[in-house]
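Got your viewer open and a selection box ready? Let's walk through this chain one stop at a time.

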Amino acid sequence: MRLLLHCCCAPCSGAVVEWLLSSGIRPTLFFSNSNITPREEYLKRKAELERYATALGLEVVDDDYDHTEWLESVCGLENEPERGLRCERCFYLRLSRSADYAAAHGFDTLATTLASSRWKDLEQVDRAGRAACEPYECLSWWGRNWRKDGLQQRRSEIIREWDFYEQDWCGCEFSRRKGLHPVIMGIVNLTPDSFWAPSRVSESDALEVMRDMISKGAGILDLGAVSTRPGAADVSVEEEWDRLYPVLHRLGKGLKGLCEPSGVRLSVDTVSSEIVRRTYDEVGPFIVNDISAGEDDPGMLQTVAELGLDYIAMHKRGNPRTMDSLVGYPEGIVEAVRRYFEDFASRASRLGIRRWILDPGFGFAKTEEQNLCLMEHLGEFKSFKRPLLVGIADKRFTHGRTEELHALAVQQGADILRVHDVAAAAATLGR
């Protein structure tokens, strides 16, 4: 086999290339990604791939960069959702250029690392690859699913081992623009005792509630099966899973149809690494929303790192029964929270957690005055260069002014609003 492997970036290529080499296949890597803009971003991603390939003794062929041609090819599809027609047209353009090169230079097989990314639709990639190879009798398309057989986990490990530059959008201006900011995170409480009764959702109603949230503008759906309201009792892992599993199971393959057309993501609110592993086994990659920032379960951060998951780290003290009494901060609330996340950032870096979100923990071990002070100084936490999540919906210190404080949070730089009322938050954001 003479394989030309179209590579979109080093993070997506690492485990694929390693597997090919272990199978006795030495591919030539083809970097054809004119979707990426600006050119500096293109060069940065190419340099990372070349660094990896050079160490392995592999050749990288750089296709001509022509973003103008790419824009012309997707003209009229600018407002398509992620995984829509624009993406499939983009895949075809890049893979057809790869096929042209492969046929002209004696390769008999073409594959792509696009299929290793959880952000891509495998069926779209496969259709584009088949269409690209169709004109050439001498060229076969290898549409392997590179997410299976442990390669997804190995992908995360290689990213850490090589300290790859890792991006959170495909490269084109339209995919970046689609990520509306701030993102609205809709709360789906699968608990019988959450403090805000209207947010409680039964198993049978959960999917319909999630669809409704998406239609009203939610970009993330946050499932929680344990109440963290003041005074709440602890819940065993098995009880938490008994509440969560039926909804995840019903999602199953339906998760793709529910979330992917609009680019919506799933998060799970848990402090348990066991719940994280079970959820990953059930639905694949998701966002871990951990109110303890790894403090309540010694295995949490390592699990998140191993699985390569996005992670929300929140500041708190104590537990729901003790937190209201743990509000003494001699250095001041802002400085205390800043130091907390400086320590967390160091731990995350050591373990290889690269994508994490900062949640200051409004309402957790903070007085009303401290919550409002934290809100006024929220912008100072932008120095961490992490997305900021604000979860204040209907908490005691808001006194019914949730949307007024949401507007203030946005002015202070909030990137994600965790809310009960998606429609109201969308209206606040002018959507």
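Below is a tour of a predicted model, with something to select at each stop.

**Stop 1: the open sheet**

Start with the five strands whose order is E3-E2-E1-E4-E5; they form an open sheet with parallel pairing. Select 60-62 and 140-141 to see its edges: strands E3 and E5 each pair on one side only. Now zoom in on E2 (residues 28-31), which runs parallel to E3 and is joined to E3 by 3 bridges. Leu29 is a handy landmark here, with Val60 as its bridge partner in E3.

**Stop 2: helix H2 and Leu49**

Add residues 39-56, which is helix H2. H2 lies across E2 and E3, and runs at about 175 degrees to E2. Click on Leu49 in this helix. Is Leu49 buried or exposed? Its relative accessible area is 0%, so Leu49 counts as buried. To see what surrounds Leu49, show its contacts from beyond four places away in sequence: Cys7, Cys9, Ala10, Ser13, Leu29, Phe31 and Val60. You've already met Leu29 and Val60 as bridge partners. For a longer hop along the chain, draw a C-alpha to C-alpha distance from Leu49 to Tyr165: 9.8 Å in space, though 116 residues apart in sequence.

**Stop 3: charged pairs**

Stay on H2 and pick Glu50 and Lys46. They form a salt bridge, with the closest N and O atoms 3.4 Å apart. Both are in H2, 4 residues apart, or about one turn of the helix. Lys46 is buried because its relative accessible area is 13%, under the 20% cut-off, while Glu50, at 28%, counts as partly exposed.

Next, select Arg97 and Asp63, another salt bridge, at 2.6 Å between the closest N and O atoms. This pair links distant parts of the chain: Arg97 belongs to helix H4 (residues 85-104), while Asp63 is in the loop between E3 and helix H3, 34 residues apart. Asp63 counts as buried at 11% relative accessibility, and Arg97 is partly exposed at 24%.

H4 has a second pair to show: Glu88 meets Arg127 in a salt bridge of 2.8 Å, N to O. Arg127 sits in helix H5 (residues 122-133), 39 residues from Glu88. For a bigger selection, take Glu18, Arg154, Glu157 and Glu161, which are joined into one network by salt bridges that share partners. The total count is 31 salt bridges.

**Stop 4: strand E8**

Jump to residues 265-269. This is strand E8, and 5 of its 5 residues are buried. Turn on side chains: Arg265, Ser267 and Asp269 point one way, Leu266 and Val268 the other. That fits a general pattern, since side chains in a regular strand alternate between the two faces of the sheet.

E8 has parallel neighbors to add. E7 (residues 220-224) is joined to E8 by 5 bridges, and E9 (residues 287-290) pairs with E8 over 3 bridges. Which residue stands opposite Asp269 in E9? Look for Asn289. Then trace the chain from E8 through helix H11 (residues 273-283) to E9: this β-α-β crossover is right-handed.

**Stop 5: helix H13**

Finish with residues 333-351, helix H13. Its 19 residues should span 27 Å at 1.5 Å a residue, and the end C-alpha atoms are indeed 27 Å apart. Color its buried residues, among them Ile333, Tyr340, Phe341 and Phe344. What covers them includes helices H12 and H14 and strands E10 and E11. Last click: Gly352, which follows H13 and has a positive phi, near 90 degrees.

Note on methods. Residues are numbered from 1 along each chain as its sequence is written. This is a predicted model: local features need pLDDT of at least 70, side-chain atom pairs count only at pLDDT 80 or more; totals for chains, interfaces and linings use all residues. Side-chain values use heavy atoms; hydrogens and water are left out. Buried means under 20% relative accessible area, exposed over 50%, partly exposed in between (1.4 Å probe, protein chains only). Helices (H or I, at least four residues) and strands (E, at least two) are DSSP runs, numbered from the N terminus. Two strands pair if DSSP finds at least two bridges between them. A crossover is right-handed if, with the strands pointing away from the viewer, the path from the first strand over the helix to the second runs clockwise. Contact means heavy atoms within 4.5 Å. The expected span of a helix is 1.5 Å times one less than its number of residues. Axes are lines fitted to C-alpha atoms, for helices over the stretch in contact, and angles run from 0 to 180 degrees between N-to-C directions. A salt bridge is a side-chain nitrogen of Lys or Arg within 4 Å of a carboxyl oxygen of Asp or Glu.
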